Amino acid sequence: MAAAANRLLKVRSFSTSIYYSSSSLYARKFSSFSSQTDLPFSNTLRRDPKDRNVQWVFLGCPGVGKGTYASRLSHLLGVPHIATGDLVREELSSSGPLSQQLSEIVNQGKLVSDEIIISLLSKRLESGEARGESGFILDGFPRTIRQAEILEGVTDIDLVVNLKLREDVLLEKCLGRRICSQCGGNFNIASIIVKEENGKPGMSMPPLLPPAHCASKLITRSDDTEEVVKERLRIYNDMSQPVEEFYRSRGKLLEFDLPGGIPESWPKLLQALNLEDHDDKQSAAA
């Protein structure tokens, strides 16, 4: 806990003057916004960034690794990692009213609507408030200008990390994704080796293979077909540019080109964020 607190002190330089509201306010406001003019900035509570944990967003194409790096930073900094993709999958596996509608959307490779995402996120923030959570790393939200405007209306985002990876590598990486049907663990069987070509640097991404007890239980996500992945990437690229510009114009966007797999990318990402992972160094030394 002390180590996480010290790391949080190091990243305060990314914080700006903020607007803050409790999660119960998120829930009420998220569910009722219909346009930017509905954002009740005057009702939002101010709170010094020193009194709460970091509030970051991770952007990037489907399959780029947002969840992997956001989860690592979540553990490093002691803040919750909230992935809208996980919220959608949890709803899909339930018998809730949105389950069938979501199943059709996901299987067609389409993006889930703002209304559904905001509803799921509202419930997650409320449950986090009840557990005493502070700060967050959002993964997969916002994806549209409207979502970004809604988010800005109820809280301030300190930093937006935009992870980038070559599209041919992204496609191969997505098609290699596997899930253990028993424990829910995420793995990747793709062994990616890209040679330097036409001024583009080479890249190596080894597979993330499962342990022996999971090897026979691997399944492929229903939306990880080449046709669906290509459509998801096309839609994401069309919609992401305005969101990136939204945060770039506010001086909050950090562009980060992944140089390879986790061993190459993690240390460089920490360097870009002015962070250190002492546990990672110790395990490497061992």
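Two strands are said to pair if DSSP finds at least two bridges between them, and the strands themselves (E, at least two residues), like the helices (H or I, at least four), are DSSP runs numbered from the N terminus. The structure described here is a predicted model, in which local features need pLDDT of at least 70 and side-chain atom pairs count only at pLDDT 80 or more, while totals for chains, interfaces and linings use all residues. Residues are numbered from 1 along each chain as its sequence is written, and side-chain values use heavy atoms, with hydrogens and water left out.

A good place to begin is the sheet. Strand β3 (residues 55-59) and β6 pair in the parallel sense over four bridges, and β6 also pairs in the parallel sense with strand β12 (residues 253-257), over five bridges. Within these pairings, V161 of β6 is the bridge partner of F58, and V161 also stands opposite L254 in β12, while L59 stands opposite N162 in β6.

These strands belong to an open sheet of five, in the order β4-β5-β3-β6-β12, with parallel pairing. Its edge strands are β4 and β12, each of which pairs on one side only, and the twist averages 20° from one strand to the next (axes are lines fitted to C-alpha atoms, for helices over the stretch in contact, and angles run from 0 to 180 degrees between N-to-C directions).

Buried means under 20% relative accessible area, exposed over 50%, and partly exposed in between, with a 1.4 Å probe and protein chains only. Strand β6 (residues 159-164) has five of its six residues buried, so it is largely enclosed by the rest of the structure. Helix α10 (residues 226-248) lies across β3, β6 and β12, and runs at about 130° to β12.

Another helix, α4 (residues 84-92), has T84, L87, V88 and E91 buried. These residues cover an arc of only 100° around the axis, which puts them on the same side of α4, the arc being that of the directions from the helix axis to the C-beta atoms. The buried residues of α4 pack against β4 (81-83), α5 (99-107), α6 (114-130) and β5 (136-139), where contact means heavy atoms within 4.5 Å.

Two loops deserve a look as well. In the loop between β5 and α7 (145-154) lies P142, which a cis peptide bond with omega of about 5° joins to F141. The loop between α11 (262-272) and α12 (278-285) holds N274, a residue other than glycine whose phi is nonetheless positive, near 60°; at 42% relative accessibility, N274 counts as partly exposed.
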